[in-house]
Amino acid sequence: MSQPLAGLLVLDFTTLLPGPLAALMLAEAGAEVVKIERPGGEEMRFYPPRFDGNSAPFTMLNAGKKSLMLDLKKASERERLIPLLTRADVLIEQFRPGVMTRLGLGYDDIAKLNPRLVYCSISGYGQSGPRVNEAGHDLNYIGNTGLLALQTGPAGAPVVPPALIADIGGGSFPAVMNILLGLRQRDATGRGCHVDIAMTDAMFTFAWYALATGFSTGHFPANGELALAGGSPRYQLYPTKDGKLVACAALEQKFWLAFCAAIGLSGPLANDVADPAATKTAVAKLIVARSAEEWRPVLAAADCCATIVATLEEALHDPHFAARGNFSHEVSGSSGKKLRALPVPIAAPFRSSAGEAKQAPRLNADADDLFHRFASAVQQGEMGAEQQHADEEAEAKHLGADAQAKPLSGGHAKQRRQHRKD
């Protein structure tokens, strides 16, 4: 079965994580993705650790793409892009706002060449607003939007979150979502659009519960105060005797009662509303008295939304995730050595075959093929347009006086022209 994005051409001007991951997901769904890189290659090519002579993170994020190296500061190099820009369905860029416009590659410029293009710009703060030119990374984005302040860990020992929430949840995922919406709109209107993705925008979506609390009561939760950010005994991490953690998420009353029964918490302290701090202390005292392996079967039998926190390595060996096919795809290095591919949230029927180990592109490896293929396509298109114009002139002469005396309603020639376009 053909993949849903087969036949689409994506030009990926991005680096590091947000844009490359978005483009990877489009590639996994069948799109042809061409990575446009600066001389020497993008930064991620040099990130450790190394795998088969290449960067392992770069290999994971760019497997299956093609590479084209251009110095976009040179007009002659930008000119070479015109055949690809004319044919592209999607363009993704991640420069600071205004950079692509100064290079003559902004949306308004490219839309004149290719009005069907869906042009996606990913940036920290968007293409407009007071912070538009401010530098930042994930920690700044979640910090400036108030999301980080909901749980920073103890005041004397703040904790850096383990996930790049803004890069992926505010950049990669919204980019893919809105690119697909732009393509769907193009199906209906025939025209592309400019998609402005600000990684900070979606951080307020992640703060949904805190916003609901603040907007309705006038009190916005402080660090660790929100029920889902450490403020409730029911949604908490409890250390075990051997230094591991129990992840308790027994929010609903039936799960909370089952959890309390399983750990042996009874009496007034099981009522976590009366004195949440006292209940939390009592639960912690019970959990720390036994090891994780002692608690594991007890909590599993209770089926109460309480589990032992797994390490990433342990999760890789979990039979469930293996059965789901999360790690069945592979990428290959330059010598053919295999590495597990990055799991992406593309449903199995839409994703490329797990039996095909894709390679990350060697820098500029596809330049000759791309320029030959797309320059030829543009040339053929121009020749076709010229031939179409000549055919229409000949047809008009043949119609002669009839055409002048009786104008074609809707235009017979126009109908043929539309048919050729289809």
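Is Trp208 buried or exposed? At 55% relative accessibility, Trp208 is exposed, because the cut-off for that class is over 50%. The notes below start from the whole chain and then come back to this residue. The model is predicted.

1. **The chain overall.** The chain has 422 residues, and 39% of them count as buried. Its secondary structure comes to 17 helices and 14 strands. Take the contacts with a separation of 6 or more: residues 24 or more positions apart account for 68% of them. The exposed area is about 22900 Å², with carbon and sulfur atoms supplying 58% of it.

2. **Trp208 and its patch.** Trp208 sits in helix 10, residues 208-217. It joins Tyr209, Leu228, Tyr235 and Leu251 in a nonpolar surface patch. The patch covers about 470 Å².

3. **Helix 11, buried side.** Phe255, Trp256, Phe259, Cys260 and Ile263 are the buried residues of helix 11. They lie on the same side of the helix, because their arc around the axis is only 135 degrees. An α-helix has 3.6 residues a turn, so residues three or four places apart point the same way. The buried residues pack against strand 10, helix 12, helix 13 and strand 11 (306-308).

4. **Helix 11, other side and end.** Lys254 and Ala261 are exposed on the other side of helix 11. After the helix comes Gly264. The phi of Gly264 is positive, near 85 degrees.

5. **Phe259 in detail.** Phe259 belongs to helix 11, which runs over residues 253-263. Its relative accessible area is 0%, so Phe259 is buried. Which residues does Phe259 contact, leaving aside its neighbours within four places in sequence? They are Cys248, Ala250, Val283, Ile287, Leu299, Cys304 and Ala306. Two of these contacts, Val283 and Ile287, are also among the buried residues of helix 12. As for Val298, its C-alpha atom is 9.5 Å from that of Phe259. Those two residues are 39 apart along the chain.

6. **Helix 12, length check.** Helix 12 takes in residues 276-287. What span should its 12 residues have at 1.5 Å a residue? The expected value is 16 Å, and the end C-alpha atoms are 16 Å apart, so the two agree.

7. **Helix 12, two faces.** Thr279, Ala282, Val283 and Ile287 are buried in helix 12. Their arc around the axis is only 130 degrees, so they fall on the same side of the helix. Thr281 and Lys285 are exposed, on the face turned away from that buried side. The cover over the buried residues includes strand 9 (235-239), strand 10 (245-249), helix 11 and helix 13 (292-302). Helix 12 in turn is among the elements that the buried residues of helix 11 pack against.

8. **Salt bridge Arg234 to Asp272.** The chain has 15 salt bridges. One of them pairs the side chains of Arg234 and Asp272, at 3.0 Å from N to O. Arg234 is in the loop between helix 10 and strand 9, and Asp272 is in the loop between helix 11 and helix 12, so the pair ties together parts that are 38 residues apart in sequence. Are the partners buried or exposed? Both Arg234 and Asp272 are buried.

9. **Salt bridge Asp89 to Arg87.** The closest N and O atoms of Asp89 and Arg87 are 3.0 Å apart, in a salt bridge. Asp89 is buried, because its relative accessibility is 9% and the cut-off is under 20%. Arg87 has 34% relative accessibility and so counts as partly exposed.

10. **Salt bridge Arg296 to Glu293, and a network.** Arg296 and Glu293 form a salt bridge, with the closest N and O atoms 2.7 Å apart. Both residues lie in helix 13, 3 residues apart, which is about one turn of the helix. Arg296 is partly exposed at 37% relative accessible area. Glu293 is partly exposed as well, at 47%. Elsewhere, Glu32, Lys66, Asp369 and Arg373 are joined into one network by salt bridges that share partners.

Notes. Residues are numbered from 1 along each chain as its sequence is written. This is a predicted model: local features need pLDDT of at least 70, side-chain atom pairs count only at pLDDT 80 or more; totals for chains, interfaces and linings use all residues. Side-chain values use heavy atoms; hydrogens and water are left out. Helices (H or I, at least four residues) and strands (E, at least two) are DSSP runs, numbered from the N terminus. Buried means under 20% relative accessible area, exposed over 50%, partly exposed in between (1.4 Å probe, protein chains only). Contact means heavy atoms within 4.5 Å. The expected span of a helix is 1.5 Å times one less than its number of residues. The arc is that of the directions from the helix axis to the C-beta atoms. Patches are made of residues with over 30% relative accessible area and no salt bridge: like charges are joined within 9 Å, nonpolar side chains (Val, Leu, Ile, Met, Phe, Trp, Tyr) within 5 Å. Accessible areas come from the Shrake-Rupley method with a 1.4 Å probe; for residues, only the protein chains shown count as cover. A salt bridge is a side-chain nitrogen of Lys or Arg within 4 Å of a carboxyl oxygen of Asp or Glu.
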